[in-house]
Amino acid sequence: MDIQRRNDVARSTWRGGREPPSPEQGPLQPVLKVARGFGPLSNLFLSLWPRWKNWWVRGILTLAMITFFFIIIYLGPMVLMMIVMCVQIKCFHEIITIGYNVYHSYDLPWFRTLSWYFLLCVNYFFYGETVTDYFFTLVQREEPLRILSKYHRFISFALYLTGFCMFVLSLVKKHYRLQFYMFGWTHVTLLIVVTQSHLIIHNLFEGMIWFIVPISCVICNDIMAYMFGFFFGRTPLIKLSPKKTWEGFIGGFFATVLFGLLLSYVMSGYRCFTCPVEFNNDTNSFTVDCEPSELFQLQEYKIPAVLQSVLGWKTVRMYPFQIHSIALSTFASLIGPFGGFFASGFKRAFKIKDFANTIPGHGGIMDRFDCQYLMATFVNVYIASFIRGPNPSKLIQQFLTLRPDQQLHIFNTLKAHLVDKGMLGGLEDA
C-alpha cells in the first residue's frame, strides 16, 4: 500500500500534474524486461519513481560503456582507430537519417547514395593524407601506394567532382530547393563528423594519453555534472537544456579538474600511454616504445606563498603534463558542454528528443559524442600551439624524396650555415 500511495503521489506531482510516461514505453523497455527476470528485485525496480528509474538505467549503461572503453584501450591503437571510424559512420548515419525524415526526402533521386558517396570521398582524402604522413616508408616501398600517394589530392578531387556532377544531373524541377537543402545538410555533417574524427586520429598518434585523458575528462564531466545536478540541482543553467543546473555545472568543473590531475599522474608513468604511436617497418606493426620526453618526467615545482600556509608544503613533485591536463579538463568542463547545448538546440529545432535510440537511456551515438568532437578539435589545436615542435624524422622523409641535386643543394646550404655558427667545427673536433 505504501508503494502504491507513493506512486500515486508521484504521478499527481510529475511535471505539473501531467501523467508520467509508462514504464512500458520509451528507452527503458529493454532494461525493464531484464529486470523482471530477477524476482523480488524486479518489483523493487519497477516501484521506483520514474526519475530514479532513469538514474539507475543511465548508471548501469554508463558503467557498461566505460568498461567497453577500457577494453578497447587494452586492445591497442589500431582497434581504437577502427572504433573511431565506426563511431564516425554511425554519427553520420544518425544525422543524415534526421534530415531524411525531417524534410521527407523520400522521392529525391540518389539522395542517400550521394550522401554515402561523399562520406567515402572525404574519408579517402583525410585518411589518405594520414597514411602518407605516418606510413611514409611503407608507402614508398610499394609501387601502387607510391603512385596513389603522389597523386592523392588529384584523385580525391576527381572523386568529389564526380559526386558533384552526379548531384547536378540528379536535380529535378519540383525538388530543387529540397535537394539543395540536403546537399548543404550532407556537407555540414561531413564537416562536423569526419573532420573531427580525423583530428581524433591525429591526437592518438601523438600518444594515447592525448586521446584517453581528453575523452575521459568529457565523460567525467558529463557524469559528475549529472550527479551534482541530480542531488543538488536547483538553479537552471540554460533554456536549451532545462535539466542542466548551475550546481551541476560548477560541481562537474571541480570534479573534472581533480580527476584530470589524478588520471594524468597515473598515466604519465607508463610509456605505452605517453609515447607517440609509430609504425615499425621491420615488423609492419604499431609500436609505442620510446624514451619519455620532459613532459612525462617528474619535476619539482614551488608552491605559491599564499597556498604554502594552507597546504603546509613548499614544493610539490608532479609531471609537466599534469599542468596541461588542467587546461584540458577546464575546457572539457566549461566549453565542452556547449557542444551538448548545440546538439540540444539542433534537436529542439527539429522537434526530436534524441538523435537515435541506439543506447537505452542515452539516445544515439551522436548524443554521447556531441562534446567529444569539440574536445578533439581543441586538443589538436592545443598540441599544435603549445606541445608539438618541428619533427626531424618527417623532415628527413621529405628530404629523401627530393632529387639528388636538390638533396646536395640542401646539404651544402646546411653545412655553410653550421660552419658560420661554429657548430660544424666543434662537431669535427669532437
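This report describes selected helices, a nonpolar core, aromatic ring pairs and one buried polar residue in a predicted model.

**Annotated spans and helix α15**

According to the unreviewed UniProt entry, the annotation "transmembrane region" covers residues 55-75, 81-103, 110-127, 154-172, 179-201, 207-233, 245-267 and 321-343. Two of these spans can be compared with the model itself: residues 207-233 are 93% helix and 0% strand, with end C-alpha atoms 37 Å apart, while residues 321-343 are 91% helix and 0% strand, with end C-alpha atoms 31 Å apart.

Helix α15 runs over residues 320-334, and because a helix is expected to advance 1.5 Å a residue, its 15 residues should span 21 Å, which agrees with the 22 Å found between its end C-alpha atoms. Many positions of this helix are shielded, for P320, F321, Q322, H324, S325, L328, S329, F331, A332 and S333 are buried. The elements that cover these buried residues include the helices α11 (208-232), α12 (246-267), α16 (337-349) and α17 (365-387), together with the strands β5 (299-302) and β6 (315-318).

**The nonpolar core**

One of the buried residues of α15, F321, also belongs to the largest nonpolar core, which has 68 residues and in which M208, I209, W210, F211, I212, V213 and F321 have the most contacts. The elements that give two or more residues to this core are α4 (50-75), α5, α6 (111-134), α10, α11, α12, α15 and α17, and among them α10 gives the most, with 11 residues. Leaving out residues up to four places away in sequence, F321 touches I209, W210, V213, S264, S268, L295, F296 and L328.

**Aromatic pairs**

The structure holds 24 aromatic pairs. A pair of aromatic rings is described by the distance of the centres and the angle of the planes. Two pairs are set out below.

| Pair | Distance of centres | Angle of planes | Arrangement |
|---|---|---|---|
| W185 and F350 | 5.2 Å | 70° | edge-to-face |
| Y265 and Y319 | 5.6 Å | 55° | tilted |

The pair of W185 and F350 links distant parts of the chain, since W185 lies in helix α10 (residues 176-205) and F350 in the loop between α16 and α17, 165 residues apart. W185 is buried, with a relative accessible area of 11%, whereas F350, at 23%, is partly exposed. In the other pair, Y265 lies in helix α12 and Y319 in the loop between β6 and α15, so the pair ties together parts that are 54 residues apart in sequence. Here Y265 counts as partly exposed at 42% relative accessibility, while Y319 counts as buried at 10%. Elsewhere, ring pairs link Y117, F118, Y160, F167, F180 and F183 into a cluster.

**A buried polar residue**

Q88 lies in helix α5 (residues 77-102), and because its relative accessible area is 0%, where buried means under 20%, Q88 counts as buried. What does the side chain of Q88 make a polar contact with? One partner is the side chain of S197, at 3.0 Å, and another is the side chain of N123, at 2.7 Å. Leaving aside neighbours within four places in sequence, Q88 is in contact with L119, N123, Y127, V193, V194, S197 and Y373.

Methods. Residues numbered from 1 in each chain as written. Predicted model: local features only at pLDDT ≥ 70, side-chain atom pairs only at ≥ 80, totals over all residues. Heavy atoms only, no water. Helix = DSSP H or I, 4+ residues; strand = E, 2+ residues; numbered from the N terminus. Expected span 1.5 Å × (residues − 1). Buried < 20%, exposed > 50% of the residue type's maximum accessible area, 1.4 Å probe, protein only. Contact = heavy atoms within 4.5 Å. Phe/Tyr/Trp six-rings, centres within 6.5 Å; stacked < 30°, edge-to-face > 60°. UniProt positions renumbered as here; feature names shortened; annotations may be inferred. Polar contact = N/O pair within 3.5 Å; in protein donor to acceptor, adjacent residues only side chain to side chain. Core = buried A, V, L, I, M, F, W, Y, C linked by side-chain atoms within 4.5 Å.
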